[in-house]
Each structure stands twice: as structure tokens, then as C-alpha cells.
Amino acid sequence: MRARTLAELAAPLLALRLLGAEFGHLPAPTVEVSTIYPERLELTFHDDFAAFEVWREALNIAPESVVHRVQVGGQTNVLRVRTTYAGAELMLIGYAKVPAVEPVLAGSGAPS
């Protein structure tokens, strides 16, 4: 793979600049621009899905476009969605822990 130039990352960098100008009041994501995917801008949100949802709504991305997965042995929920913004592929990714489920003990249910 040949080395890329900063100019080759123009689409995601422009998208980031425009997002910052238009949505600077929204929660800050982790931002990734990579030479591996030079057309992509990734905005990642950790710990809960609230910030992910705020961004999804602000960008008018349909809820049914979001893909849900569980990873890390069932411990982490992941939401992902792709769209196009300012000529770049924009990916929103959200991570949240799967809530612990309280065990139901035998005989602890409602009386019959």
C-alpha cells in the first residue's frame, strides 16, 4: 500500500469541519479519519447510546437504518449506521454495556 497524502483525506476532513460548525453544541465523539478508509469519517460514542441518538436525530438518519450487534461475549451492545455527509462516508458507532440481569431465584415469584 502506498503512502497517502493529507489532501487525499479531504472529504472526511471537510465533513468534520462542517459538522463542527453546524453541530458544535452536540456531545463530542471520538473522531477517526484513517488512511485505510480515506473517504470515511467515524464518530464513536462510548458508555451509553444517548449521544449516538442525539447525533443520529440531528443528521436525520432513520432509526431503522441502525444496525445493532452484541460483542465481547454478550457484554457490549454496539449500534452502527452509515450515511453520506458533505461527500464523505460518515459512520456513527455507539457502544454501551449490556445491563446486568438480576437472577430469578426459584420460589421468588408471585404467589400462585
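Just after helix H2, Asn60 takes a positive phi of about 55°. The model is a predicted one, and the values below are computed from it.

Helix H2 itself spans residues 50-58, and its buried residues are Ala51, Phe52, Trp55 and Arg56. Around the helix axis they cover an arc of only 135°, which means that they lie on the same side of H2. What do the buried residues of H2 pack against? Their partners are helix H1 (10-23) together with three strands: E2 (40-45), E4 (76-85) and E5 (88-97).

Trp55 also takes part in the aromatic contacts. The count of aromatic pairs comes to two. One of them is formed by Phe45 and Trp55; this pair is tilted, with 6.3 Å from centre to centre and 35° between the planes. Phe45 belongs to strand E2 and Trp55 to helix H2, so the pair ties together parts that are 10 residues apart in sequence. Are Phe45 and Trp55 buried or exposed? Both Phe45 and Trp55 are buried. Together with Phe23, these two residues form one aromatic cluster.

Another ring is paired with a charge. The charged end of Arg40 sits over the ring of Tyr37, at 4.1 Å from the centre of that ring.

The table sets out the two ring contacts described above.

| Residues | Arrangement | Distance |
|---|---|---|
| Phe45 and Trp55 | tilted aromatic pair, 35° between the planes | 6.3 Å centre to centre |
| Arg40 and Tyr37 | charged end of Arg40 over the ring of Tyr37 | 4.1 Å from the ring centre |

Definitions and conventions:
Residues numbered from 1 in each chain as written. Predicted model: local features only at pLDDT ≥ 70, side-chain atom pairs only at ≥ 80, totals over all residues. Heavy atoms only, no water. Buried < 20%, exposed > 50% of the residue type's maximum accessible area, 1.4 Å probe, protein only. Helix = DSSP H or I, 4+ residues; strand = E, 2+ residues; numbered from the N terminus. Arc of directions from axis to C-beta. Contact = heavy atoms within 4.5 Å. Phe/Tyr/Trp six-rings, centres within 6.5 Å; stacked < 30°, edge-to-face > 60°. Lys NZ or Arg CZ within 6 Å of the ring centre and 35° of its normal.
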